[in-house]
Amino acid sequence: EEPDSEVRLKVAQCFRSLSSSSADHTDVFDALETLNSYLDDGAESSSTAAEREEFRRTQYTRTLRVLVGQLQADWTHSLSAAQRSKLWDPLFLKGPPDQALLVLMEAVTHPSAGLDRLVSVTERFLQSGRLADLLWSFCLRSVPPDSAQLRETLLARLAALPDLTANRLHPNNRPLFTPQRFYPLLATEMLAALERICRALRDGVDCSLTFVAQTLGKVCLQGHSGLVLGVMAPRLAVCTRSDVVWQRVSWKLLQDVPERCMESVLTGLLQAADSRIAGNLVLTNKKAQFVLTHKVLLLQYKYETQVLRTVLGYLASDRDRRPLLIQVLRSVSQAWANPSAVKHTPQEQQLYVSKTLLLAASLLTDAELQEFKCNNLVSYGRSDDDLPPYDMSGDVEASRAAPPRYLRDCLEGTVQISSLCSVLSVRFSLFGSFLLLHMEDKFSVSGFLVLRQAAMVALTAVDSVPVTQFLTTEFYSLNYSLRQRLDILEVLALAAQELSKPAADKITAAASELTPYQSNSAASWRQEVEKRIQNKTKRISKGSAQPRAGAAPNRYAPVAGYFFFPLLRNYDKPEVTFDLLGSDHLVLGRLIHTLGLFMHLAVNAPIAAQMGAALLDFVWAVRYHADQTVRRGVLFAVCSVFLSMPSQALMMDLSQQLMETRTWLADVAEADPDADCRSLAVQSLVLLDQNLKKQLQNPNGLSLES
C-alpha cells in the first residue's frame, strides 16, 4: 500500500480506540503513542519521513478536533498529569503551529467541555515559542499552498486573541491573554522570526516577510502599535546600526506592510529615533510619504517636539530624501502664512506648525535656504506696491437689468427672489453654526457659554436637517477638541428636546412670562372691583379657567433619524483624531447617553424600531467597559430602547438578542461595583418584563411557547 493510505488506516484505527476504549484504557494509551509517533522527528520516531509528512498535511487538524471532541470521555479524566504532559499535550505542541492555533482558538472561543485543559494547552503553546515557529513556517513558503481566506482567518485569530479569549473566559481570563502581556510576547516572537530570517539569508536561503509584515500591520491597525513597537523598535534600532542584513530585513518588513495598515505602523515607529529602521520607505511608498510629509506635520498636532525632530531628521539624513525636506518646508511655510488658517485653527496647532517650520529651516544649509527664498520670490511674485495703479477715472457704472414691464416678468422675478432667500436662509444657518462652534470668549462676555449654546440650539431647531447634518459630520471631523465635540452632543440633545415639545406649550409659556401693562384709566379700577366681587362670590362649580390645549404634532419624530444614525457611522474609523474606543471614554459615555436620549424622545415615532435595533447593536460591544460612566450610558440607552420601542417590535424583531441582554442585565444587577449601574439594570429588567407581559396578554402578540 501507499504510505498515505497506511497512515489513514492507522489514524482511523486510533480514532476508533479513542471513541470506544477498554476498561483499563490501554488501547487509548497505545493510540495516543501512535499519533505522537507521527510528530516525533529523528531516530526516536517509529514512522517514516513520508508518513510523518502525510500525517501533518492531511490528518493533523482532524486529529486535534477528535481530541477536543473526546474531552468528555472517561479516559481523559483518568490521565495523570505526567500522562497528559507526555501523550495529550504534545499533540498540540509539536505539529504544524498554524493548524494547532486555529483548532485551539476554535475550541476555546466556542462552548465546549474541558475548557480549563484547552486554556492550559493554549498557554503552553504561547509560552513555548510556537508563535515564532508559526511565523517562521510562513517565511519559508515562497508560494504558499494555503488559500488567502485561510491566511486571513489565521491573521484575524492571531491579532485578536486577547479579545476572543476575554469574551469567552470573562471574568476568569488568564493574565497571559491580556493585551498588556500578549502583544509584547507577540513582538518578541516576531523578533525571533526575524532573527531566523537573517540567519537564513546569510546561509543563502530565500525567505518571505509578507506574513510577518501582515501580522505587524494587523496588530497596529487594531490599536496596539504602542505595545508591539515599544518592544520591536528599540531592538531593530540596535540591530540595524551595524548589520547590513538586519537593515535589509527591516526595510523589507516595512515595505511589505499592507497599505491600509501603513499609517498605524508609521505613527507607532515615530518614537524610534533611528531612521535606519525605515530606510527609503518614504520614497517608494506613496502612503508613507503622505503620512510623514503631510499628515503628521500639518493635519495633526498631538505629537511632541521630539517626534517632529525624528521625522524631519529622517528626511534630512539622506541625499535622496532631502528634496522632500524642501517640499515640507514649502508646504509648512504656506500653511503658517495663510490668514484663513490663522483665524480658524486652534492656537495649539499654530504653535505646532511654527515648531515644524523652525525645525525644518534649521536643517537646511545656507545655500539651500538662499535657493528656497529665491524660488519662493519667483513663485509668488510673497508685493502690490511694485504694480502701477490702474486708471479707472473714465469708468461708467454698468447698467442694471431693465425693470419688469409685464406681470409674467414680475412673477418670475418674485419666484427667483424667494428661491434665493430660502437658499440664503439655509446657508446662514450652516455658516452661523460653524461660527458659533469655533467662537471663543475673547472679550469676557457675561454668560458667553450659555448664550452661545442657546444660539446653536435655536439654529438647529429652526433648520433641523441641514444643521444636524453639519453637526453630526463635524463631530467626527479632524482638528476638533474634546470640548467642542461635547458641545456638539449637548446642542443636539437640547435641540431634540426643543423639537419634541408641542408648539402650543411654548406659546403658552411665552405668554405667561409677559408683564401686563399698568394703566390708570377708568377701565383699570373697574377691573379691580370686578375682581374683588368674583373673589367674594361663592359658586357651586366653576368651569375651566383656560381652554384645553389642542393636539400638536411632534416636530422631532420626522427628523429623529438625522440626529441619531450619523453618530453611529464613524465611531470606529481609525482616521479620526481622537480615540473614542480608548482613552477618550468621557466622550464615549456622553455619546451613548445622547443616543439614549434621542431614542427616548422618539417614542411612538415610525423610526423608533429601527433606532432601537441599531442602538442595541452599538452598545453591546462596550457593555463591559471599565469606566462606570460608559456603563451607565449603556444601561440608560437600554432603558430608553425598552421604553420607546413598541412592545411587539421589541419582542418579534429582537427576540434572540433579548435573551442575552436579559442574562447580562441580571449579572450587572447582581455584581456591578457601581450602585447606579445596578439600579439601572434592575429598571431595565422591570421594563423588559412589562413588555413581555404586555405581549403575552395581547391576543395578537406572542404565545407562551414562542
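Three exercises with worked solutions follow.

The model is predicted: local features need pLDDT of at least 70, side-chain atom pairs count only at pLDDT 80 or more, and totals for chains use all residues. Residues are numbered from 1 along each chain as its sequence is written.

**Exercise 1.** State how many helices and strands the protein chain has, and what share of its residues is buried.

Solution. Helices (H or I, at least four residues) and strands (E, at least two) are DSSP runs, numbered from the N terminus. The protein chain has 35 helices and 0 strands. Of its 706 residues, 42% are buried (under 20% relative accessible area, 1.4 Å probe, protein chains only).

**Exercise 2.** Find where the largest nonpolar core lies.

Solution. A nonpolar core is a set of buried Ala, Val, Leu, Ile, Met, Phe, Trp, Tyr and Cys residues joined through side-chain atoms within 4.5 Å. The largest has 122 residues, and Leu194 and Met232 have the most contacts inside it. Helix H13 (residues 210-239) gives the most to this core, 13 residues. Domain 1 (1-125) and domain 2 (129-278), with bounds from an automatic or database domain assignment, both contribute residues, so the core lies between them. A separate core of 70 residues includes Phe470 and Phe563.

**Exercise 3.** Compare the reach of helix H19 with its expected span, then list its buried residues.

Solution. H19 (residues 322-336) has 15 residues. The expected span is 1.5 Å times one less than the number of residues, here 21 Å. From first C-alpha to last, H19 reaches 21 Å, close to that value. Its buried residues are Arg322, Leu324, Leu325, Val328, Leu329, Val332 and Ser333.

Note on methods:
Heavy atoms only, no water. Buried < 20%, exposed > 50% of the residue type's maximum accessible area, 1.4 Å probe, protein only.
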